[in-house]
Amino acid sequence: MTATIFCRRPGPLMADSLQDVDVERPEPGPHDLLVSVRAVSVNPLDTKVRTGAVEVPVEVRSLGWDAAGVVDAVGEAVTLFRPGQRVWYAGSFDRDGSNAQCQRVDERIVGPMPESLGFAEAAAMPLVSLTAWQLLFDRLGVARDAAVGKGCLLIVGGNGGVGLMLIQLARRLTGLTVVATASSERGRAQCLLQGAHHVLNHHRPLQAQLLALSVPPVDHVAALSHTAQHLPALAELMQSQGRLAIIDDHASLDAAPFKAKSISLHWEMVFTRPLYRTPDMRAQHRILTEVAALVDAGVLHPVVAQMLSPMNAERLMQAHRLVEAGGLAGKVVVARDVDRPLQPMAEAEA
């Protein structure tokens, strides 16, 4: 038997929304790793699935789409990992999540954990790193190591987990001018800390704020939050033939205002590759491997707002409350135990 934490869906957070239970130890399939989960991160996605705002298959009983742990066992067709290795991953919507002592996960969407991080810090990064990387390089088609000053990326909602990672990637791996939006001084400071060149207030007219800056025309936009309400402003400020990438959920979205400028619209859903077993599914292994190397080289780093321990239903419900309350400058992680203290944040770039 092994311990796991079931979710009683859907609904608001109640005393029994998450429950500690014992289940049969899962057996890895041919391409699976069986991972001993040491730490997880709680994302807005977890709260949306718990409330029923986002649906997953009925057989998915536990939440959790961020994990760091140790490989316990491997399936017969596994070639990338062996027992004893430290790994990190986001998993997939069609399987039980990482809120468990042991989790089955396909090796093709798993990466080796950075050697320089503890499990708690590592658990804060997979989902946001995959989302930001795929959005920037796969959906928007931004070139790595492009000439400095060639183009401008506007990140709407820069102070969320994806936004803060996207700022790091765009500032350190591309030549784009990075402009983020935030609505509070704390959010503005965090965006600057991660490397944004400029930060706008998305509660004020965006075009007027951009015109006051000396930046290239905005040819790439990452809309990460409340996209529908920002669409008219984005249609106005974007360069013709630009690219717009969106991650948030909508019942409907009117893209007609972008036709005149031939602006292309791109969706990023982090689980598309594992859900549809795409031919390039192994790309997530490669992305997480490269992100780990960049972390160990000091190029990228996790942004952790709070760490809780131990990992059980009570602590996870506490994490859900923190995430739903909003206003966090970073991720909430829940660790089975504390293997090392959190590292201090880096200084803001000039």
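In the predicted model, the side chains of Glu314 and Arg315 meet in a salt bridge, with an N to O distance of 3.7 Å. Glu314 is exposed, at a relative accessible area of 54%, whereas Arg315 is partly exposed, at 23%. The pair is one of 14 salt bridges in the structure. Side chains of opposite charge can pair when their charged atoms come close.

Two further salt bridges connect distant parts of the chain. Arg61 and Asp96 are joined through their side chains at 3.0 Å, N to O. Arg61 belongs to the loop between α1 (44-51) and β4 (67-74), and Asp96 to the loop between β5 (86-89) and β6 (102-106), the two residues being 35 residues apart. Arg61 is partly exposed, with a relative accessible area of 38%, and Asp96 is likewise partly exposed, with a value of 24%. In the second case, Arg273 forms a salt bridge with Asp138, and the closest N and O atoms are 3.0 Å apart. This pair links helix α8 (residues 272-276), which holds Arg273, to helix α3 (residues 126-139), which holds Asp138, across a separation of 135 residues. Arg273 counts as buried, at 9% relative accessibility, while Asp138 counts as partly exposed, at 33%. In addition, a network of salt bridges links Asp32, Arg95 and Arg104.

The model contains an open sheet of six strands with parallel pairing, arranged in the order β10-β9-β8-β11-β12-β13. Its edges are formed by β10 (198-201) and β13 (264-267), each of which pairs on one side only. On average, and with direction ignored, neighbouring strands of the sheet are turned by 20° against each other. Within the sheet, β11 (residues 218-223) and β12 (residues 238-246) pair in the parallel sense over five bridges. His220 has Arg243 in β12 as its bridge partner. Helix α5 (residues 185-194) packs on the sheet, where it touches β9 (177-182) and β10. The direction of α5 makes about 160° with that of β9.

Nonpolar side chains tend to be buried together in soluble globular proteins. The largest nonpolar core of the model comprises 91 residues, of which Trp88, Leu136, Leu153 and Leu166 touch the most other members. When neighbours within four places in sequence are left aside, Leu166 is in contact with Ala132, Leu135, Leu136, Leu153, Ile155, Ala222 and Leu224. A second core, separate from this one, consists of 19 residues and includes Val156, Leu237, Leu244 and Ile246.

The count of disulfides is zero. Cys152 cannot be assigned to such a bond because its sulfur lies 14 Å from the closest cysteine sulfur, that of Cys191, which is too far for a bond. For Cys191 the closest cysteine sulfur is that of Cys152, also at 14 Å and too far for a bond; the cut-off for a disulfide is a sulfur pair within 2.5 Å. Cys152 is buried, with a relative accessible area of 0%, and Cys191 is buried with a relative accessible area of 0% as well.

The backbone shows several local features of note. Most residues other than glycine have a negative phi, and most peptide bonds are trans. A cis peptide bond joins Ser309 and Pro310, with omega at about 0°. Pro310 is located in the loop between β14 (304-308) and α10 (313-325). Positive phi values occur at Ser262 and at Arg277, neither of which is a glycine. For Ser262, phi is about 50°, and the residue lies in the loop between β12 and β13. For Arg277, phi is near 45°. Arg277 is situated in the loop between α8 and α9 (283-296) and counts as partly exposed, at 43% relative accessibility.

Terms used. Residues numbered from 1 in each chain as written. Predicted model: local features only at pLDDT ≥ 70, side-chain atom pairs only at ≥ 80, totals over all residues. Heavy atoms only, no water. Pairing = 2+ DSSP bridges. Helix = DSSP H or I, 4+ residues; strand = E, 2+ residues; numbered from the N terminus. Axes fitted to C-alpha atoms, helices over the stretch in contact; angles between N-to-C directions. Contact = heavy atoms within 4.5 Å. Core = buried A, V, L, I, M, F, W, Y, C linked by side-chain atoms within 4.5 Å. Buried < 20%, exposed > 50% of the residue type's maximum accessible area, 1.4 Å probe, protein only. Salt bridge = Lys/Arg side-chain N within 4 Å of Asp/Glu carboxyl O.
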